[in-house]
Amino acid sequence: DMEYNKAKIICPGVNGKDDDLLIIRFKKYCNKYKEGDFVEFKGNLRSYSTKYDDKSNVQIYIFTYFDLPETPCGEVDIDGRICKMGELSKTYSGKKYIHFIIANNIFTSSNKINSYIPCTAYGELAEDISKLNVSDFVVLNGEFHSHTYKRKIDKEIMLAHEIVVKSCEVKK
């Protein structure tokens, strides 16, 4: 089996807002970078459910070879099937949005890994996505974001990751 190292990278936030913190895993022999270096990479996006202090948490990792694509930091292209669809809602300012989750299967030489990736779309795109069905196969382009929120139950501050969708194509 391949050995992986783990690192955290910081991607600039949209419009100068807070930076996003992403966790990456890379093949041990590939790491030629040191702390503070600027990196661009290409990899597979995977989600893992973990428990911390008896609380469930989904972590999203990017597994990479440290390739150098011509894409900006944080940009994601991913495909999968819609496995959970939220309701079309509005922000306080009236902008429409929708939350949904896609299942993205990654096949290795020995098994299949299921990842569940939270996604959010805004505006007209949110309206279009709200018309799709669970199990529809989609190809998404977007930006990988992290944000904090306060849980309603115990007021604990949590870190969440999601793809903010910029385009969606339905495949048959």
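A disulfide is a pair of cysteine sulfur atoms within 2.5 Å, and I started my notebook with that cut-off.

**Entry 1: the model.** I am working with a predicted model, in which local features need pLDDT of at least 70 and side-chain atom pairs count only at pLDDT 80 or more, while totals for chains, interfaces and linings use all residues. Residues are numbered from 1 along each chain as its sequence is written, and side-chain values use heavy atoms, with hydrogens and water left out.

**Entry 2: cysteines.** How many disulfides does a search of the whole structure find? I noted zero, and I then looked up the distances that go with this result. For Cys83, the closest cysteine sulfur belongs to Cys119 and lies 9.1 Å away, which is too far for a bond. For Cys119, the closest cysteine sulfur is that of Cys168, at 8.9 Å, again too far for a bond. I also checked accessibility, where buried means under 20% relative accessible area, exposed means over 50%, and partly exposed lies in between (1.4 Å probe, protein chains only). Cys83 is partly exposed at 34%, whereas Cys119 is buried at 2%.

**Entry 3: salt bridges.** I took a salt bridge to be a side-chain nitrogen of Lys or Arg within 4 Å of a carboxyl oxygen of Asp or Glu, and by this rule I recorded three of them.

Lys96 pairs with Glu127, and their closest N and O atoms are 3.6 Å apart. Lys96 belongs to strand 7 (residues 96-107) and Glu127 to helix 1 (residues 123-130), so this pair ties together parts that are 31 residues apart in sequence. Here I add that helices (H or I, at least four residues) and strands (E, at least two) are DSSP runs, numbered from the N terminus. Both partners came out as partly exposed, Lys96 with a relative accessible area of 28% and Glu127 with 29%.

Glu143 forms a salt bridge with Lys166, with 3.9 Å between the closest N and O atoms. Because Glu143 lies in strand 9 (residues 137-150) and Lys166 in strand 10 (residues 157-171), the pair ties together parts that are 23 residues apart in sequence. I listed Glu143 as partly exposed at 28%, and Lys166 as partly exposed at 45%.

Which residue forms a salt bridge with Lys171? I found Glu169, with the closest N and O atoms 3.1 Å apart. Lys171 is partly exposed at 37% relative accessibility, and Glu169 is partly exposed at 41%.
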